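Me: I am new to this structure and would like a close look at one part of it. Could you walk me through a pair of packed helices and what surrounds them?

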Amino acid sequence: MTRPTWLIEPAGPVPYATANDAMHDLAQRRLDGAVPDALILLEHPPVFTAGRRSKPEHLVWSEDEAVAYGAEVHHIDRGGSFTFHGPGQLVGYPIIDLGATPDAARYLRKLEEAVIRSGADIGVELDRRDDVQTGVFAGDDKVCAIGVRLMRTRVTLHGFAINCDTDLSWFGGIVACGLPDNGVTSLSAITGREVTVAEMRPLVRRHLADIFELAYEPAPAEVDRAFASGRAPVVA
């Protein structure tokens with residue numbers, strides 16, 4: 001049985017603080033039973049985010065240096081350590097009620113599976129790693145970072161970030177996900193061609209719908225406005 005799910009796909013890069021505030025508000029409303037599940041798919045301007053397991057040494061650049069290079073730094077309430085978000089990266093925030101008996105590990109594996117299947121659609125073999133808690137890899141290099149939080153242990157926030165044609169030089173500013181022995185790559189680097197967010201968005205959207213049994217419907221206008229970046233729509 002499918003779950004009614006609002007699909008929210010803002011145009012253009014959305015400032016991190018804007019999306020973070022709107023996501024938390026929506027998750028609280030989901031916890032209260034006032035709204036259905038939701039899937040937010042977007043891009044951010046350059047930003048480093050630090051999860052609850054981050055350590056100061058995982059930020060290679062100082063916060064002042066990051067700002068000087070054009071990135072923001074946010075300390076947030078998801079799991080994991082530092083990661084980077086920016087143009088060319090598809091970021092997904094599922095807001096899903098996992099029910100009275102939530103299984104966080106199973107939820108993470110489902111997110112990974114959606115990314116793995118999406119990579120297969122463009123001929124890229126991706127996998128998860130038994131020695132790493134979350135994420136999707138091509139060999140030793142991470143393609144997709146995953147960091148989540150469960151509100152009251154049942155409603156999901158935050159999510160995943162897939163490097164499509166991301167400028168990977170930004171990752172030089174951090175120890176990505178707190179894993180010094182692993183690199184970071186993108187779908188474009190793996191395939192040797194430009195793989196855009198616009199190409200990957202419908203694939204990821206479809207696999208998430210299949211795996212979580214989501215039935216997408218438009219979000220109300222005020223919800224779309226809460227995530228708005230103020231730029232013209234992108235058709236995909």
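Reply: Here is a walk through two helices, H3 and H5, followed by a few places elsewhere in the chain.

First, some ground rules. The model is predicted, so local features need pLDDT of at least 70 and side-chain atom pairs count only at pLDDT 80 or more, while totals for chains, interfaces and linings use all residues. Residues are numbered from 1 along each chain as its sequence is written, and side-chain values use heavy atoms, leaving out hydrogens and water. Helices (H or I, at least four residues) and strands (E, at least two) are DSSP runs numbered from the N terminus.

Let us start with H3, residues 104–121. Its 18 residues should span 26 Å at 1.5 Å a residue, and the end C-alpha atoms of H3 are indeed 26 Å apart. (The expected span is 1.5 Å times one less than the number of residues.) Buried residues, meaning those under 20% relative accessible area with a 1.4 Å probe and protein chains only (exposed is over 50%, partly exposed in between), are Tyr107, Leu108, Leu111, Glu112, Ala114, Val115, Ile116, Ser118 and Gly119 in H3. They pack against strands S6, S7 (136–138), S8 (141–151) and S9 (155–163), and against H5; contact here means heavy atoms within 4.5 Å.

Now for the partner. H5 covers residues 197–212, and its 16 residues should span 22 Å at 1.5 Å a residue; the end C-alpha atoms are 21 Å apart, which agrees. Among the buried residues of H5 are Val197, Met200, Leu203, Val204, His207, Leu208, Ile211 and Phe212, and also the arginines Arg201 and Arg205. After H5 comes Glu213, with a positive phi near 60°.

How do the two helices meet? Two packed helices are described by the angle between their axes and the distance between the axes. The axes of H3 and H5 come within 9 Å and cross at roughly 135°. Axes are lines fitted to C-alpha atoms, for helices over the stretch in contact, and angles run from 0 to 180 degrees between N-to-C directions. H3 and H5 are therefore oblique to each other, since angles under 35 degrees count as roughly parallel, over 145 as roughly antiparallel, 65 to 115 as roughly perpendicular and the rest as oblique. The crossing of the pair is right-handed, which means that the near helix is turned clockwise from the far one by less than a right angle. On the H3 side, the contact includes Tyr107, Leu111, Ala114 and Arg117; on the H5 side, it includes Met200, Val204, His207 and Ile211. By class, this contact has nine nonpolar, three polar and five charged residues. (Ala, Val, Leu, Ile, Met, Phe, Trp, Tyr, Cys and Pro count as nonpolar, Asp, Glu, Lys and Arg as charged, and the others, Gly among them, as polar.)

Val197 of H5 leads us to Gly88, whose contacts beyond four places in sequence include Val197, Glu43 and Asn163. Gly88 sits in the loop between S5 (82–85) and S6 (89–95) and is buried at 8% relative accessible area. Gly88 and Asn163 are 75 residues apart in sequence, yet their C-alpha atoms are 6.7 Å apart in space.

Finally, visit the strands S8 and S9. Most residues other than glycine have a negative phi. Arg152, in the loop between S8 and S9, has a positive phi of about 50° and is exposed at 63% relative accessibility. His158, within S9, has a positive phi near 60°, but His158 is buried at 1%.
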